[in-house]
2 protein chains.
Amino acid sequence: MERASSQDAPTIAELGETAVLARILPRLRPGAAALLGAGDDAAVVAAADGRFVVTTDLLVHGPDFRLAWSTPFELGWKAAATNLTDVAAMGARPTALVVAIAAPPSMGVDVLEGIADGLREGLAALAPGAGVVGGDLSASPVLTIAVTAFGDLEGRPPVLRSGARVGDLVAHAGARGDAARGLALLFAEGTDDSGEPDPVRAHDVRARHPQLVRAQLAPEPPVAAGVAAALAGATAMLDVSDGLARDARRIAEASGVGLDFDAAALGTDVRVALAGAEDHGLLATFPPGSPVPWPFDVVGAVVDAPGEILVDGRPAGADGWDPYSGWDGRSG
Amino acid sequence: MERASSQDAPTIAELGETAVLARILPRLRPGAAALLGAGDDAAVVAAADGRFVVTTDLLVHGPDFRLAWSTPFELGWKAAATNLTDVAAMGARPTALVVAIAAPPSMGVDVLEGIADGLREGLAALAPGAGVVGGDLSASPVLTIAVTAFGDLEGRPPVLRSGARVGDLVAHAGARGDAARGLALLFAEGTDDSGEPDPVRAHDVRARHPQLVRAQLAPEPPVAAGVAAALAGATAMLDVSDGLARDARRIAEASGVGLDFDAAALGTDVRVALAGAEDHGLLATFPPGSPVPWPFDVVGAVVDAPGEILVDGRPAGADGWDPYSGWDGRSG
């Protein structure tokens with residue numbers, strides 16, 4: 001479990017909570033929306049239009065990540081990226097995060113430092129101006145990262161899943177299947193002979209397929225495209241975390257419409273593009289004829305087939321990720 | 001680990017994520033501040049004065065609670081109570097929570113239902129009008145509850161730890177040592193011969209000491225007293241989670257003053273009142289001569305002894321709770 005730690009780093013237990021926080025907090029920036037940052041019982045964050053968008057997510061060692069594959073920096077980056085995308089999917093500008101981490105007392109403090117660095121750099125790259133305004137540190141046998149992210153709708157209504165109308169364009173921004181391809185490579189070639197995640201073999205996979213491994217371990221979702229979509233009049237939008245087909249069905253069911261994908265627009269491997277989870281792209285619908293903002297691609301149309309997902313007019317199979325059925329019990 | 005579950009309840013894995021959420025969400029209320037509740041990528045919450053207070057906290061099976069002692073209802077209640085108190089300690093009115101839970105797939109869904117019921121009833125009792133606006137469900141070998149709580153300062157400045165001035169009154173609202181007494185009883189008499197938490201013996205402790213056990217497992221902190229203190233002009237305030245002496249020192253250090261407690265005001269067991277953790281009372285300072293609002297008791301005075309904690313003018317020993325040094329590795 002402590003493979004990710006250097007032999008030289010003191011453990012969390014050796015340092016104690018106060019000294020650990022003294023190492024972590026200087027690595028984080030509170031961001032422009034922080035009226036009061038970490039250090040009191042709670043933080044105070046600006047919510048200029050009298051509302052805030054909020055989403056929360058837990059990343060757990062084993063089902064959600066493996067320390068044999070991910071660096072601590074990548075864990076922090078991904079924890080930021082996935083939550084920022086949920087904020088973006090409402091059409092909001094991300095403003096701040098709070099982060100609670102539970103870690104084994106025997107873990108090296110450098111793991112927490114790496115997570116903090118990844119959070120900071122992920123925020124800087126994907127949501128400039130947003131920062132970490134507060135957090136919590138607990139003990140657990142299982143490294144667990146809880147992120148709650150906030151956003152500002154800047155006076156606009158939120159873009160819901162329920163607003164798609166027949167005739168709308170279906171558009172997508174972000175990777176289509178790369179994160180799943182990266183994960184499949186890691187499972188196929190980044191494990192030892194008993195199937196356990198293996199850091200040395202994963203390093204080889206990373207060297208041969210840097211883009212696909214990075215898409216899985218440190219994705220760069222199109223966070224800024226969320227506000228662009230809202231400004232362009234998007235009628236519905238969501239974060240594609242469970243695969244394009246499965247998440248498209250959520251828009252279809254919430255809106256009482258069907259989404260018909262154009263196979264040619266989905267790339268060369270339509271199956272992976274539709275089924276692959278964890279790309280954290282944005283799927284949105286736009287009024288017919290409206291200009292679709294960069295980096296969205298038009299990939300289909302909204303049709304009168306309530307709750308249905310089609311590809312070139314034919315029913316598509318659903319596929320996705322259930323956190324309970326999809327985890328085999330290994331930690332790695 | 002699944003002692004808290006009935007034999008008849010289906011497991012989380014048997015039901016799958018969608019069916020589990022369908023059982024949990026109806027047990028929760030979004031509350032008056034929820035402009036958009038659970039069901040989309042993120043929630044939207046009112047922040048009437050253009051700011052929001054936010055605090056986050058992780059509760060982990062083992063270091064933070066034992067399923068041999070706590071019912072799921074009590075876990076949910078305590079998760080709400082401890083976070084609401086952090087919001088109250090800023091002088092804010094709690095408005096909403098988001099809750100992320102990671103649970104073993106083999107756990108009975110009734111554990112999650114009980115946690116949801118405890119969250120709902122804890123909110124109803126301690127912060128009427130506040131609700132659960134969103135959440136997340138993950139898999140983990142260790143039951144983990146992450147709560148992020150929000151509050152409304154209603155136009156007032158936050159009450160910080162740094163505002164105490166020499167001559168101010170020191171006042172406290174809430175229990176003084178009861179939670180620690182309850183925990184000590186559970187460790188002394190609620191464990192089996194090898195020291196493991198034992199549900200049958202804990203039941204006996206509960207029957208003999210219902211108030212002290214409840215103070216530990218389902219505390220009723222004085223949440224509403226936070227706004228009352230702010231309105232009464234409190235100069236500093238915090239949530240007493242780590243013991244009165246240790247938390248008082250945080251005000252002393254942040255404000256550059258000393259806090260001198262009056263032993264007679266602390267009750268019959270001054271040592272437990274000063275050292276006992278997890279009461280989640282509110283410690284505040286008020287300008288001299290100002291009326292101290294109910295249910296605060298005046299328990300001392302702010303003196304010119306930067307960073308010092310005194311009792312009847314004599315230096316007090318510090319004592320408290322470090323999550324890494326205080327956990328022996330057992331789960332229970």
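**Loops, helices and a two-fold pair**

P295(B) sits in the loop that runs between β10 (281–286) and β11 (297–303) of chain B. The model is a predicted one, and in it this proline follows a cis peptide bond: W294(B) and P295(B) are joined that way, with omega at about 0°. Chain A tells a matching story. There, a cis peptide bond links W294(A) to P295(A), again with omega about 0°, and P295(A) lies in the loop between β10 (281–286) and β11 (297–303) of chain A.

Chain B also has some backbone angles worth a look. H280(B) is not a glycine, yet its phi is positive, near 55°. This histidine belongs to the loop between α10 (270–275) and β10 of chain B. H280(B) has 26 C-beta neighbours inside 10 Å, so it counts as buried; the cut-off for that label is 20 or more. E154(B) is another non-glycine residue with a positive phi, this one about 50°. It is placed in the loop between β6 (144–152) and β7 (169–173) of chain B. Around E154(B) there are 13 C-beta neighbours inside 10 Å, and therefore this glutamate counts as partly exposed.

Next comes a helix pair in chain B. Helix α5 (residues 178–189) of chain B and helix α6 (residues 199–208) of chain B have axes that come within 9 Å and cross at roughly 135°. Because of that angle, α5(B) is oblique to α6(B). The crossing in which α5(B) passes α6(B) is right-handed. On the α5(B) side the residues involved are L185(B), L186(B) and E189(B), and they meet R201(B), A202(B) and V205(B) of α6(B). Sorted by type, the residues of this contact between α5(B) and α6(B) come out as 4 nonpolar and 2 charged, with no polar ones.

Over in chain A, S255(A) is part of helix α9 (residues 244–255). Its 23 C-beta neighbours inside 10 Å are why S255(A) counts as buried. Setting aside neighbours within four places in sequence, S255(A) is in contact with R161(A), S162(A), G163(A), A164(A) and A236(A). Then there is G307(A): it is 52 residues away from S255(A) in sequence, but the C-alpha to C-alpha distance between the two is 8.0 Å.

That leaves the way the two chains go together. Chain A can be superposed on chain B by a rotation of 180° with 0.0 Å of shift along the axis, and the RMSD of the fit is 0.0 Å. This is the relation of a two-fold axis. Within chain A, G50(A) has the C-alpha nearest that axis, at 2.3 Å. Both copies use the same surface, as 100% of the contact residues of chain A recur in chain B.

As for who touches whom, 58 residues of chain A are in contact with 59 residues of chain B. Strand β3 (residues 51–60) of chain A supplies the largest share of the chain A side, 9 residues. By type, the side of chain A that touches chain B is made up of 35 nonpolar, 12 polar and 11 charged residues.

Definitions and conventions:
Residues are numbered from 1 along each chain as its sequence is written. Chains are lettered from A and ligands numbered from 1 in the order in which they are written. This is a predicted model: local features need pLDDT of at least 70, side-chain atom pairs count only at pLDDT 80 or more; totals for chains, interfaces and linings use all residues. Copies are superposed by least squares on the C-alpha atoms of residues with pLDDT of at least 70 in both. Two residues are in contact if their C-beta atoms, placed from the backbone, lie within 7 Å. Axes are lines fitted to C-alpha atoms, for helices over the stretch in contact, and angles run from 0 to 180 degrees between N-to-C directions. Helices (H or I, at least four residues) and strands (E, at least two) are DSSP runs, numbered from the N terminus. Angles under 35 degrees count as roughly parallel, over 145 as roughly antiparallel, 65 to 115 as roughly perpendicular and the rest as oblique. A crossing is left-handed if the near helix is turned anticlockwise from the far one by less than a right angle, and right-handed if clockwise. Ala, Val, Leu, Ile, Met, Phe, Trp, Tyr, Cys and Pro count as nonpolar, Asp, Glu, Lys and Arg as charged, and the others, Gly among them, as polar. A residue is buried if 20 or more other C-beta atoms lie within 10 Å of its own, exposed if 12 or fewer, and partly exposed in between; C-beta atoms are placed from the backbone.
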